[in-house]
Amino acid sequence: MQRATLDGADLSGARITADLTGARLVGASLTGANLSADMKNQSMGLMRAALKSSNLEGAILRNADLSRVDLEFVSLKNADLTNASLRGAGLGGANLAGVTVNGTDFDGADLASTRLVDPIGLDAAKNFAKAQNIDRLLRE
């Protein structure tokens, strides 16, 4: 699924473990989707979604589980991450400009070089202080 074009797709509630590196999911709905690592299946390696360098601008990720997902260099501009889990996710170099993060769980998320500009609801985000590399976060 690398570099797939899934703009506007409805993947709500789906269990996704695909490699979506470089994919386009502009305006896609992933409400309640589970892209997290499958911790029960470690004999086959870490089974999870990979969205490195993907475009999820304007995507709806409400209540989505993105725990331990590779989100490096992803664009989540104006995406809705309300009540999503980013626990342990790698967000290095990601663009989160204008993102909605009401209730989003940042526990252990790696924010090195993440661009966080004008986030909506950051004061209502969970465990933001427990994210890694907050001192390397880019805020303009």
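In this predicted model, L56 contacts L25, L30, L51, L61, V74, S75, L76, K77 and A79, not counting its neighbours within four places in sequence. L56 also belongs to the largest nonpolar core, which has 37 residues. Together with L30, L35, L61, L81, L86 and F106, L56 is among the members that touch the most others in this core. Two of these residues, L30 and L61, are themselves in contact with L56.

F106 has a further role in the description of the aromatic rings. A search of the whole structure finds 1 aromatic pair. The ring centres of F106 and F128 lie 5.1 Å apart with the planes at 85°, so the pair is edge-to-face. Both of these phenylalanines are buried.

Turning to charged side chains, the count comes to 5 salt bridges. The table gives three of these, with the N to O distance and the relative accessible area of each partner.

| Salt bridge | N to O distance | Relative accessible area |
|---|---|---|
| R24 and D7 | 2.7 Å | R24 36%, D7 35% |
| K52 and E72 | 3.6 Å | K52 31%, E72 29% |
| R62 and D80 | 2.6 Å | R62 38%, D80 14% |

R24 is partly exposed, and D7 is as well. K52 is also partly exposed, as is its partner E72. The bridge of R62 and D80 pairs a partly exposed arginine with a buried aspartate, because the 14% of D80 falls under the 20% limit. Salt bridges that share partners also join R87, D105 and D107 into one network.

Definitions and conventions
Residues are numbered from 1 along each chain as its sequence is written. This is a predicted model: local features need pLDDT of at least 70, side-chain atom pairs count only at pLDDT 80 or more; totals for chains, interfaces and linings use all residues. Side-chain values use heavy atoms; hydrogens and water are left out. Rings of Phe, Tyr and Trp (its six-membered ring) pair if their centres lie within 6.5 Å; planes under 30 degrees apart count as stacked, over 60 as edge-to-face and the rest as tilted. Buried means under 20% relative accessible area, exposed over 50%, partly exposed in between (1.4 Å probe, protein chains only). A nonpolar core is a set of buried Ala, Val, Leu, Ile, Met, Phe, Trp, Tyr and Cys residues joined through side-chain atoms within 4.5 Å. Contact means heavy atoms within 4.5 Å. A salt bridge is a side-chain nitrogen of Lys or Arg within 4 Å of a carboxyl oxygen of Asp or Glu.
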